[in-house]
Amino acid sequence: MQITILAIGKTDKSELEELITVYEKRLKHYIKFQLEIIPDIKNRKNLSEAQQKEKEGELILAQLQPTDTLILLDEKGKQYTSMDFAQFLQKKMNSGIKSLVLAIGGPYGFSDAVYAKSSGKISLSKMTFSHQMVRLFIVEQIYRGFTILRNEPYHHQ
C-alpha cells in the first residue's frame with residue numbers, strides 16, 4: 001500500500017520541515033510514503049471562504065486517482081488512540097487498497113465535493129492546530145502506528 005499525505009500550502013517554518021523529513025525518512029522503511037503539497041491559491045485574499053474551499057477542493061480532487069481511498073483530516077472526524085490508529089492502518093492494508101490518501105485542507109476545511117469523495121474523516125484532537133503542525137503530527141502518528149504493528153520499542157504502552 002502507498003500512503004500519501006496531500007496538503008494545501010507550503011510549510012513556512014524550516015524547523016517543521018526538518019522534523020517532517022525525519023519521519024518521512026523513517027516511514028520509508030515500512031511503507032511507500034509521500035507528502036504532496038498543493039500550492040496555495042493565488043489571490044486567495046480576494047476570495048470568499050466558500051470560493052477558497054471550492055478552488056482547493058478542485059485541486060485536491062485533481063490529484064486523486066480512481067483507485068485512491070481518500071480520508072480527510074477533519075475536526076469532526078473520528079478520534080483514535082495511537083494503538084487504534086495502528087489497527088486502522090493494518091485494516092486498510094489488509095483490505096487490499098493500493099493507495100491511501102490522507103488530505104489536510106486549507107484554513108476553512110474541505111468543499112462538499114471533497115467530502116462526497118472521501119471514505120472517512122479522522123480528527124487528531126478536539127483542539128485546533130495549524131495545517132502545518134497537522135502535517136508533522138500525522139506523519140509521526142503513521143510512523144508510530146507502524147512501530148506498534150511491528151512491536152518495536154518506539155511506542156510505550
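A residue is called buried when its relative accessible area is under 20%, and exposed when that value is over 50%. With that in hand, welcome to a set of close-up views of a predicted model.

**View 1. Strand 4 is mostly covered.**
Strand 4 spans residues 99-104, and six of its six residues are buried. Let us look at the two faces of the strand. Ser 99, Val 101 and Ala 103 point one way, Leu 100, Leu 102 and Ile 104 point the other way, and all of them are buried.

**View 2. Strand 4 pairs with strand 1 and with strand 3.**
Which strands does this view bring together? Strand 1 (residues 2-8) runs parallel to strand 4, and six bridges join them. To find one of these pairings, start at Thr 4, whose bridge partner in strand 4 is Val 101. Strand 3 (residues 68-79) also runs parallel to strand 4, again with six bridges between them. Here you can look for Ile 71, which has Leu 102 as its bridge partner in strand 4. Between strand 3 and strand 4 the chain passes through helix 3 (residues 82-94), making a right-handed β-α-β crossover.

**View 3. Glu 24 is a buried residue of helix 1.**
Helix 1 covers residues 14-27, and Glu 24 is part of it. Is Glu 24 buried or exposed? Its relative accessible area is 17%, so Glu 24 is buried. Leaving aside residues up to four places away in sequence, Glu 24 touches Phe 33, Leu 35 and Val 139. Leu 136 is another residue to find here: 112 residues separate it from Glu 24 in sequence, while their C-alpha atoms are 9.6 Å apart in space.

**View 4. Arg 144 and Glu 140 meet in a salt bridge within helix 5.**
How many salt bridges does the structure hold? There are two, and this view shows the one between the side chains of Arg 144 and Glu 140, with an N to O distance of 2.9 Å. Both residues lie in helix 5, four residues apart, which is about one turn of the helix. Arg 144 has a relative accessibility of 18% and therefore counts as buried. Glu 140 is buried as well, with a relative accessible area of 12%.

**View 5. Lys 76 and Glu 75 form a salt bridge between exposed residues.**
The closest N and O atoms of Lys 76 and Glu 75 are 3.7 Å apart in this salt bridge. Lys 76 reaches 63% relative accessibility, so it counts as exposed. Its partner Glu 75 is exposed too, because its relative accessible area is 59%.

**View 6. A nonpolar patch sits on the surface.**
Which residues form this patch? They are Leu 124, Met 127 and Phe 129, and together they have about 270 Å² of accessible area. To place Met 127, look at the loop between strand 5 (120-123) and helix 5 (131-149). Met 127 has a relative accessibility of 59% and so counts as exposed.

**View 7. Asn 151 has a positive phi.**
Our last stop is the segment after helix 5, where Asn 151 lies. Its phi is positive, at about 55°, although Asn 151 is not a glycine. With a relative accessible area of 72%, Asn 151 is exposed.

Conventions:
Residues are numbered from 1 along each chain as its sequence is written. This is a predicted model: local features need pLDDT of at least 70, side-chain atom pairs count only at pLDDT 80 or more; totals for chains, interfaces and linings use all residues. Side-chain values use heavy atoms; hydrogens and water are left out. Patches are made of residues with over 30% relative accessible area and no salt bridge: like charges are joined within 9 Å, nonpolar side chains (Val, Leu, Ile, Met, Phe, Trp, Tyr) within 5 Å. Accessible areas come from the Shrake-Rupley method with a 1.4 Å probe; for residues, only the protein chains shown count as cover. A salt bridge is a side-chain nitrogen of Lys or Arg within 4 Å of a carboxyl oxygen of Asp or Glu. Buried means under 20% relative accessible area, exposed over 50%, partly exposed in between (1.4 Å probe, protein chains only). Two strands pair if DSSP finds at least two bridges between them. A crossover is right-handed if, with the strands pointing away from the viewer, the path from the first strand over the helix to the second runs clockwise. Contact means heavy atoms within 4.5 Å.
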